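Colleague: Could you take me through one part of this model up close? I'm new to this, so please go slowly and tell me what sits where.

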Amino acid sequence: MGGVVHFEIPADDEERAREFYRSVFGWSFQVLPEMEYSLAMTTPVNDQGRATETRSINGGIFRRGDMLQAPVVTIDVEDIDAALEQISRLGGGTIRGTMEVPGSGWNAYFRDSEGNVIGLWQNAATNAQARSMDAVNPEPTTVHCAEQPTAVLRERVAMDALPEFFSRAFAAVAAEAQRQNVQLAGPPFALYRGTPTQTVDVEAGFPVRGTLADTGTVVISTLPEAEAFEAMHIGPYDTLPQTYAALQDQMKKAGKTPSDTMWEYYLNGPPSEPDPQKWQTRIVWPAT
């Protein structure tokens, strides 16, 4: 039986949220600034980090983002990939595929039959598949995407100039959002329009929460509401075509037609992660 082993609470201001729960409930926190995450200790733990009181669990506070807008409970499973497959068969769907937490285990997020987002956790000690970060990327799944306001730079860019454009776009949008006191609401992304040739029509930036005024360079845009197929690509960018091919194959099997617009979220990559084999890119491709 899968037990509830963790909880997560989103926050627009993590420091304010920590102070609230510290003052009201006496919780303590371990802040992980590089992850925009704080471990919330509601009860003592043993040497393995497990809660010592059976009536309590520990959790976390994280920066509210595009995928996780409300509190989440996390369920412990023996085999996280098998659990995601069963969830899909029974009417749920994967929100974010399996990711390794080095030295601890693996986690993922799914949407249940009622539309709720729930977490999954698998301990490394019970690793039924003996999987690693070199494992095959998770299978594509279907997802409903809500409309999301964004701030972007949009240009037609030569394919070999994309890395420079992304670097320039992400830096410009982040700086302008900070100047206008607009909160970034998710990871950096790029949206592509049309089939790439030697150049591609692309906009890159961040989801945002709040109203950002156009500057002529940084402009407002949206990620559209759509029924889409998505896949988590783990590995270098030059192997992305393999994951796109898997998405197209899944669409064909489902009798769907791919849109001429798709986008990628860059969850983990350069410059923070030097190993290309660990880069994580979430691909979202609408289909009708």
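Modeller: Start with the side chain of Asp-13: one of its polar atoms lies 3.0 Å from the backbone nitrogen of Arg-16. Keep in mind that this is a predicted model, so read every distance here as computed from it.

That same side chain also reaches the backbone nitrogen of Glu-15, at 3.2 Å. The atom doing the reaching there is a side-chain oxygen, and the spot is the start of helix α1. Asp-13 itself belongs to the loop between β1 and α1. Is Asp-13 buried, exposed or partly exposed? Its relative accessible area is 33%, so Asp-13 counts as partly exposed, because that label covers values between 20% and 50%. Now look across to Ile-61: it is 48 residues from Asp-13 in sequence, yet the two C-alpha atoms are 9.9 Å apart in space.

Next, follow the helix itself. Helix α1 takes in residues 14-25, which makes 12 residues. At 1.5 Å a residue, you'd expect a span of 16 Å, and the C-alpha atoms at its ends are indeed 16 Å apart, so the two agree.

Which residues of α1 are buried? They're Glu-14, Ala-17, Arg-18 and Tyr-21. These residues cover an arc of only 100° around the axis, so they sit on the same side of α1. Here's the bit of background that helps: an α-helix has 3.6 residues a turn, so residues three or four places apart point the same way. Turn to the other side of α1 and you'll find Glu-15, Arg-16 and Ser-23, which are exposed. So what covers the buried residues of α1? The cover includes four strands: β1 (4-11), β2 (28-32), β3 (37-41) and β4 (59-63).

Now zoom in on Tyr-21. Its relative accessibility is 18%, so it counts as buried, since the cut-off is under 20%. Tyr-21 shares helix α1 with Phe-25, 4 residues apart, or about one turn of the helix. Phe-25, though, has a relative accessible area of 52%, which means it is exposed, as the label needs over 50%. Tyr-21 also forms a stacked aromatic pair with Trp-27, with 4.8 Å from centre to centre and 10° between the planes. Both partners in that pair, Tyr-21 and Trp-27, are buried.

How many aromatic pairs turn up in the whole structure? The search finds 14. Tyr-21 and Phe-25 make one that is stacked, at 6.0 Å centre to centre with 25° between the planes. Elsewhere, ring pairs link a cluster made of Phe-165, Phe-166, Phe-170, Phe-206, Tyr-237, Tyr-266 and Trp-279.

Finally, go back to the helix and look just past its end. Just after α1 comes Gly-26, with a positive phi of about 75°.

So, to retrace the walk: begin at Asp-13 in the loop between β1 and α1, find the backbone nitrogen of Arg-16 at 3.0 Å from its side chain, then go along α1 to Tyr-21 and its stacked partner Trp-27, and pick out Gly-26 just after the helix.

Conventions. Residues are numbered from 1 along each chain as its sequence is written. This is a predicted model: local features need pLDDT of at least 70, side-chain atom pairs count only at pLDDT 80 or more; totals for chains, interfaces and linings use all residues. Side-chain values use heavy atoms; hydrogens and water are left out. Helices (H or I, at least four residues) and strands (E, at least two) are DSSP runs, numbered from the N terminus. The expected span of a helix is 1.5 Å times one less than its number of residues. Buried means under 20% relative accessible area, exposed over 50%, partly exposed in between (1.4 Å probe, protein chains only). The arc is that of the directions from the helix axis to the C-beta atoms. Contact means heavy atoms within 4.5 Å. A polar contact is a pair of N or O atoms within 3.5 Å; within protein, one must be able to donate a hydrogen and the other to accept it, and residues adjacent in sequence count only if both atoms are side-chain atoms. Rings of Phe, Tyr and Trp (its six-membered ring) pair if their centres lie within 6.5 Å; planes under 30 degrees apart count as stacked, over 60 as edge-to-face and the rest as tilted.
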